[in-house]
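Please examine the sequence and the three-dimensional structure shown below. The paragraphs that follow lead through the division of the chain and then turn to a metal site.

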Amino acid sequence: MIIQLQPGIAPKQKESIQQKVNSLGYKTTNVITQEGEYLIGIGKSDIDIRELGGLDGVSDIHRVSDGYKLVSRKWKVRPTSINLGDGVKICEGDFAIMSGPCSIESEEQIVSVLQHLKDNGVQIMRGGVYKPRSSPYAFRGLGVEGLKIWYQHAQEFGIKIITEVMQSSQIEDLCKYADILQVGARNSQNFNLLDALGEVDKPVMLKRGISGSLDELLQCAEYVFSGGNEKLLLCERGIRSYETAYRNTFDLNAIPILKEKTHLPVIADPSHGIGLRAYVEPMALAAVMAGADGVIYESHAVPEKAFSDGQQTLNFAESDELIRKIRATVALRKSF
Ligand code: PEP
Ligand code: MN
């Protein structure tokens, strides 16, 4: 159960609501976010929620019995809009394209990608400065020094930054220079990291775990939301299956199902989803038709020379083509 409290509710009023809910056999958790204040009630008894709806200080009340509540569409029907400032938004009806290299490698590379995105009117650049690599000997990123250089140039180009956060100690620095913090598949259920991200006032994009269910992804989002941060995006990036013909099994099904279950924007990552450059485009377009609110994919001037994930990275000519086709597909979808 979610009880939405009136803005600026007096502590005494809140206490008496809490006592009433507890007396009905429900445990309560108080959640305060950038947007509002809630009491989450967890319990088994069957109550008539009208008993609570009329209490002073309650603005609304919703019965949500899933493991995730605040991220559910069951209480918030209106889609969440993520506002990055300067007119850049990600939400249903405002399709977002995010593109850039797997790893940030050099100043020259940063500028080449920014120019490519600017030429195509793309407003958000992706890139990792902290890279989770399967092998400890692989390139692990330029760290915050790379991010500072990226930030300077991104400012000049008027382009926003999305980059991965791997541990809580990186959050403070990343928040200074990034516009969206990405939680990678390998950290999807790092609950300490999710708790820490609940405390920041910065959008967070949560990627689905390598073998994570949608329910688990939604509960991970619930961690961040209930920690105080409502600015969340979810990302389908493929899951591990028995198939070996491609890197991951891009779960297109996840897109409409997530759209039904949550009010958060749903982003598709066909680069990690299939892991093969030749098929990033069809999977990106399929994700648009499946109802995604945005696409994130890897691009690089010379993918063959990329420090990581070159095999799934588009060169600029391929990326130009994909952007054009994504826009045409979004327009087609809107026309239905
Ligand atoms: C990435 O986006 O660079 C990345 C490492 O993705 P994932 O966490 O989905 O593997
Ligand atoms: Mn990558």
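How many residue pairs are in polar contact across the interface of domain 1 and domain 2? In this predicted model, the rule finds seven such pairs, with both residues at pLDDT 80 or more. Salt bridges, by contrast, number zero across this interface.

To place this interface in the chain, one may begin with the domain assignment, which gives domain 1 as residues 2–62 and domain 2 as residues 82–335. The centres of the two domains, taken over C-alpha atoms, are separated by 36 Å. Where the domains meet, seven residues of domain 1 are in contact with eight residues of domain 2. Together the two domains bury about 540 Å² between them, and 49% of this area is on carbon and sulfur atoms. Val31, Thr33 and Gln34 supply 67% of the area that domain 1 buries against domain 2, more than any other three residues. Sorted by class, the side of domain 1 that touches domain 2 has three nonpolar residues, three polar residues and one charged residue.

Attention may now turn to the manganese ion (ligand 2). Its protein donors are Cys102 through SG, His272 through NE2, Glu298 through OE and Asp309 through OD, and these lie 2.0 to 2.4 Å from the ion. Along the sequence, the donor residues follow the spacing C-x169-H-x25-E-x10-D. Cys102 lies in the loop between β7 (96–100) and α3 (107–119), whereas His272 lies in helix α9 (residues 270–274); the pair therefore ties together parts that are 170 residues apart in sequence.

How values were computed. Residues numbered from 1 in each chain as written. Chains lettered and ligands numbered in written order. Predicted model: local features only at pLDDT ≥ 70, side-chain atom pairs only at ≥ 80, totals over all residues. Heavy atoms only, no water. Domains from an automatic or database assignment. Contact = heavy atoms within 4.5 Å. Buried area = accessible area lost by both parts, 1.4 Å probe. Salt bridge = Lys/Arg side-chain N within 4 Å of Asp/Glu carboxyl O. Polar contact = N/O pair within 3.5 Å; in protein donor to acceptor, adjacent residues only side chain to side chain. Nonpolar A, V, L, I, M, F, W, Y, C, P; charged D, E, K, R; others polar. Donors = N, O, S within 2.8 Å, 3.2 Å for Na, K, Ca; no water. Helix = DSSP H or I, 4+ residues; strand = E, 2+ residues; numbered from the N terminus.
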